[in-house]
Amino acid sequence: MSPLAKYYVGAGVVSVLALLILPSLVAWLIVIGVLAGPVVAYFMLDESQRARLRRVRRRQIGK
C-alpha cells in the first residue's frame, strides 16, 4: 500500500471514530481538520516544490 493510501485510510478511521465518540460539532471540526490539513500544506508549497511533488508521484504510479 502506498504512503498516500495509508494516509487516506488513517484519515477515514479517525473521522469515523470521531463521529462515533465525540459530540457532533467537535467531531465535524476534527473531520474538517484531518481532511483540510494536507490541502493547506500543499498550497503552502512553492510552485517548484509542487512540480517536484507531482513528478515523484507520477513515477510511483507505475510501481
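Entry 1, terms and model. I take helices to be DSSP runs (H or I) of at least four residues, numbered from the N terminus. By that convention I place Ala11 in helix H1. I note at the outset that the model is a predicted one.

Entry 2, overall composition. I counted three helices and zero strands in the chain. Read from the N terminus, the order of elements is α-α-α. I recorded the accessible surface of the chain as about 5200 Å², with 70% of this belonging to carbon and sulfur atoms. Of the 63 residues in the chain, 10% are buried.

Entry 3, Ala11. I looked up the cover of this H1 residue. Its relative accessible area is 6%, so Ala11 is classed as buried, the cut-off being under 20%. I then checked a partner distant in sequence: Val34 is 23 residues from Ala11 along the chain, and the C-alpha atoms of Ala11 and Val34 are separated by 6.3 Å.

Entry 4, nonpolar surface. Which residues make the nonpolar surface patch? I list Val9, Val13, Val14, Val16, Leu17, Leu20, Ile21, Leu22, Val26 and Ile30, which together form a patch of about 860 Å². Helix H1 (3–21) and helix H2 (24–43) are the elements that each supply two or more residues to this patch. H1 gives the largest share, with seven residues. I examined one member individually: Val14 is a residue of helix H1. At a relative accessible area of 38%, Val14 is partly exposed. Patch residues must have over 30% relative accessible area, and the 38% of Val14 is therefore sufficient on that criterion.

Entry 5, geometry of H2. I compared the length of H2 with expectation. At 1.5 Å a residue, its 20 residues should span 28 Å, and the end C-alpha atoms lie 29 Å apart, which agrees. I also looked for a bend along this helix. H2 bends by about 35 degrees at Ala36, and Pro38 is a proline that follows within four residues.

Entry 6, salt bridges. How many salt bridges does a search of the whole structure find? I obtained two. In one, the side chains of Glu47 and Arg50 meet, with an N to O distance of 3.6 Å. In the other, Arg54 pairs with Glu47, and the closest N and O atoms are 3.4 Å apart. I therefore accept both pairs, since the criterion is a side-chain nitrogen of Lys or Arg within 4 Å of a carboxyl oxygen of Asp or Glu. As background, side chains of opposite charge can pair when their charged atoms come close. I record Glu47, Arg50 and Arg54 as linked in a network of salt bridges.

Entry 7, placement of the network. Why are Glu47 and Arg50 separated by about one helical turn? They are three residues apart in helix H3 (residues 47–61), and that spacing accounts for the separation. I then compared the accessibility of the two arginines. Arg50 is buried, with a relative accessible area of 17%, whereas Arg54 is partly exposed, with a relative accessible area of 32%.

Entry 8, a further contact of Arg50. I returned to this residue of helix H3. Its side chain reaches the backbone oxygen of Phe43 at 3.0 Å. I thus note two partners for the Arg50 side chain: Glu47, through a salt bridge, and the backbone oxygen of Phe43. Arg50 counts as buried at 17% relative accessibility, because buried means under 20%.

How values were computed. Residues numbered from 1 in each chain as written. Predicted model: local features only at pLDDT ≥ 70, side-chain atom pairs only at ≥ 80, totals over all residues. Heavy atoms only, no water. Patch = residues over 30% accessible without salt bridge, like charges linked within 9 Å, V, L, I, M, F, W, Y side chains within 5 Å. Areas by Shrake-Rupley, 256 points an atom, 1.4 Å probe, with all protein chains shown as cover. Buried < 20%, exposed > 50% of the residue type's maximum accessible area, 1.4 Å probe, protein only. Expected span 1.5 Å × (residues − 1). Bend = angle between axes of the 7 residues up to and from the residue. Polar contact = N/O pair within 3.5 Å; in protein donor to acceptor, adjacent residues only side chain to side chain.
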